[in-house]
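Here is a short briefing to read alongside the model on your screen. Take a moment to orient the view, and then we can walk through it topic by topic.

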Amino acid sequence: MAWLEMPLLIKNGRVITAEKDFYADIYIEKEIIAAIGDKLDFTADKIIDAAGKYVIPGGIDVHTHLDMPYGKIKSSDDFESGTIAAAFGGTTSIIDYATQTRGTRIESALEQWHKKAEGKACVDYGFHMIVTDLSTGGIDSLDTMLNEGVTSFKLFTAYPNSLMVDDETILQVLRFSKEKGALVCVHAEDGIKIEELIKRNLAEGKKEPIYHTLSRPAVTEANAVEHVINLSQKAGAPVYIVHLSSDAGLQKIIEARNRGAHVYAETCPQYLSLSLEDMNKPGFENAKYVFTPPLREKFNLEKLWGGIRNNFIQTIATDHCPFNFKNEKELGLNDFSKIPNGAPGIETRMHLIYDKGVNSGKISLNKWIDLTSTSPAKIFGLYPRKGTIALGSDADIVIWDPEKEFVISAETDHMNVDYSLYEGEKIIGNAEAVISRGEIIIDKNRFTGRKGRGIYLRRDRFSLDS
Ligand code: URP
Ligand code: ZN
Ligand code: ZN
């Protein structure tokens with residue numbers, strides 16, 4: 001019998017979903033949750049005793065950049081190392097951003113991303129498509145994406161020299177998405193204003209990493225969020241703002257939702273736990289915090305947690321885009337604008353939100369699951385196959401030890417990068433076992449899965465009732 005057909009029984013656990021909290025046994029057969037109930041008496045090849053543990057749906061990280069080209073280098077985790085690290089952190093599905101290079105066809109970007117992931121990914125994966133140029137295949141290519149299960153597109157209002165698109169392109173993709181049931185995700189920063197500030201700072205000799213941050217003030221996020229929401233309302237289409245970092249941006253979302261706009265927002269652990277105050281390191285070390293949007297003043301953290309509690313922010317993803325400090329971040333030693341933008345995080349998302357959210361009383365256990373698994377699955381066309389513990393759902397389950405203590409360190413984590421944003425941080429709560437489609441892939445801090453076992457997820461189209 002192949003491993004995936006081997007029945008598995010999880011006994012005595014406390015099952016937490018986005019809506020429920022109850023004690024039950026779970027029986028898994030052929031990759032699927034086949035029974036949930038009290039004192040289940042099935043014969044299984046393996047029995048896990050989850051007494052004292054939480055039994056939760058596998059995490060879903062809907063914002064990653066694995067094996068992503070950046071000039072002459074690439075993000076340092078590929079689909080193998082990145083998905084193994086994800087699994088250690090209790091994440092069993094990711095949605096990575098395939099990226100169209102200007103002047104090339106969208107279809108060829110999808111082909112490239114399939115090649116990057118196939119035979120390597122250790123958890124299940126889907127793709128969004130970053131659209132940078134409609135002149136090569138136009139709307140027909142977007143249609144092809146939908147048929148391939150790529151049901152969300154990302155557009156940038158930042159990075160004028162590489163990824164930014166104009167309003168006409170944004171409107172075209174929004175109108176297409178409204179008609180066909182796709183979702184437009186936007187990296188919302190005012191790229192033109194930021195470019196001006198970067199040039200001014202460099203001209204004044206301000207070249208240290210902190211000037212990356214100071215060239216991208218919160219108002220540039222707020223203005224872009226407002227602008228993009230206005231475009232989405234003009235097109236009558238929903239829009240999803242990725243990696244929201246500031247209270248100023250959040251206020252634009254609150255105003256828009258209060259007037260009935262269909263706007264969704266994602267934030268990331270770094271914006272909920274770090275601030276400008278962390279950028280006080282000696283020498284060039286602040287380059288570790290160079291990502292976009294940048295860190296904000298400390299008061300923003302509580303505001304974002306408030307936005308989460310009041311349902312103005314629906315998801316927490318990582319924007320995992322790691323570059324090594326040595327040699328890679330160091331490309332910008334003499335010029336902050338040359339520091340590769342991005343930071344690692346795929347492994348620590350569930351931990352940080354559990355510890356800083358649940359343990360500190362900011363959110364409930366159900367909300368933790370909703371933000372990190374259920375809402376991502378609903379918004380991105382994976383529900384109820386993923387994102388919950390229910391009869392017939394994929395058996396993507398984490399046995400979470402709420403009392404296990406550990407200290408985050410780049411030495412011991414599994415991301416292929418030489419630093420951690422959270423070095424030395426003590427966390428209470430850890431994944432004891434991680435099950436992906438019925439297979440135990442993490443067993444007491446040991447990877448027991450296989451390279452290439454992850455499957456491609458063809459996602460359903462977006463619907464407002466999802
Ligand atoms: O700095 C970041 N976030 N790099 C990844 C690309 C993006 O903007 O999401
Ligand atoms: Zn972005
Ligand atoms: Zn990103």
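The points below cover the metal site, the sheet, the pockets and the elements around the second of those pockets.

This is a predicted model. It holds two zinc ions, ligand 3 and ligand 2, separated by 3.6 Å. Its largest pocket has a volume of about 1,100 Å³, and the second largest pocket has one of about 380 Å³.

**Zinc ion (ligand 3)**

- Three protein residues act as donors to the zinc ion (ligand 3): His63 through NE2, His65 through NE2 and Asp319 through OD, at 2.0 to 2.1 Å.
- Along the chain these donors follow the spacing H-x1-H-x253-D.
- What is the arrangement of the four donor atoms around the zinc ion (ligand 3)? It is tetrahedral, because the angles they subtend run from 87 to 134 degrees, inside the required window of 85 to 135 degrees.
- His63 is buried, with a relative accessible area of 0%, and His65 is buried too, at 5%. Both values fall under the 20% cut-off for a buried residue.

**Zinc ion (ligand 2)**

- The zinc ion (ligand 2) has Lys154 (NZ), His187 (ND1) and His243 (NE2) as its protein donors, at 2.1 to 2.8 Å.
- In sequence, the spacing of these donor residues is K-x32-H-x55-H.
- Distant parts of the chain are linked here: Lys154 sits in strand S11 and His187 in strand S12 (residues 183–187), 33 residues apart.
- Are Lys154 and His187 buried or exposed? Both of them are buried.

**The eight-stranded sheet**

- S11 and S12 also belong to an open sheet of eight strands with parallel pairing, in the order S6-S9-S10-S11-S12-S13-S14-S15.
- The edges are taken by strand S6 (59–64) and strand S15 (315–316), each with a single partner strand, so one side of each is left without a neighbour in the sheet.
- Within this sheet, strand S10 (residues 124–130) runs parallel to S11 and is joined to it by two bridges.
- Met129 has Phe153 as its bridge partner in S11.

**The largest pocket**

- A total of 42 residues line the largest pocket, and those nearest its centre are Tyr70, Gly71, Tyr159, Ser162 and Leu163.
- Elements giving two or more residues to this lining are strand S7 (69–70), helix H2 (106–117), strand S11 (152–156) and helix H5 (191–203).
- H5 provides the largest share, with three residues.
- By class, the lining has 18 nonpolar, 17 polar and seven charged residues.

**The second largest pocket**

- The second largest pocket has a lining of 19 residues, with His351, Phe406, Asn430, Ala431 and Asn445 nearest its centre.
- At least two lining residues come from each of strand S16 (397–407) and strand S17 (426–436).
- Which strand gives the most to this lining? S16 does, with four residues.
- Sorted by class, the lining residues are six nonpolar, seven polar and six charged.

**Strands S16, S17 and S18**

- S16 and S17 pair in the antiparallel sense over eight bridges, and one pair of bridge partners is Ile399 with Ala433 of S17.
- S17 is also joined to strand S18 (residues 439–443), running antiparallel to it, by four bridges. Here Ala433 stands opposite Asp443 of S18.
- S17 and S18 form a hairpin with two residues between them, and Arg437 in the turn has a positive phi of about 45 degrees.
- Nine of the 11 residues of S17 are buried, so the strand is largely enclosed by the rest of the structure.

**Helix H11**

- Helix H11 (residues 349–359) is likewise largely enclosed by the rest of the structure, because nine of its 11 residues are buried.
- The buried residues of H11 are Arg349, Met350, His351, Leu352, Ile353, Tyr354, Asp355, Gly357 and Val358. One of them, His351, is among the residues nearest the centre of the second largest pocket.
- Gly361, just after H11, takes a positive phi of about 80 degrees.

Conventions
Residues numbered from 1 in each chain as written. Chains lettered and ligands numbered in written order. Predicted model: local features only at pLDDT ≥ 70, side-chain atom pairs only at ≥ 80, totals over all residues. Heavy atoms only, no water. 1 Å grid on protein atoms, 1.4 Å probe; cavity = no way out; pocket = protein on both sides within 12 Å on 5 of 7 lines; lining within 4 Å. Points joined across faces, edges and corners; volume = space filled by probe spheres on them. Nonpolar A, V, L, I, M, F, W, Y, C, P; charged D, E, K, R; others polar. Donors = N, O, S within 2.8 Å, 3.2 Å for Na, K, Ca; no water. Tetrahedral: all angles 85-135°; square planar, octahedral: opposite > 155°, others 65-115°. Buried < 20%, exposed > 50% of the residue type's maximum accessible area, 1.4 Å probe, protein only. Pairing = 2+ DSSP bridges.
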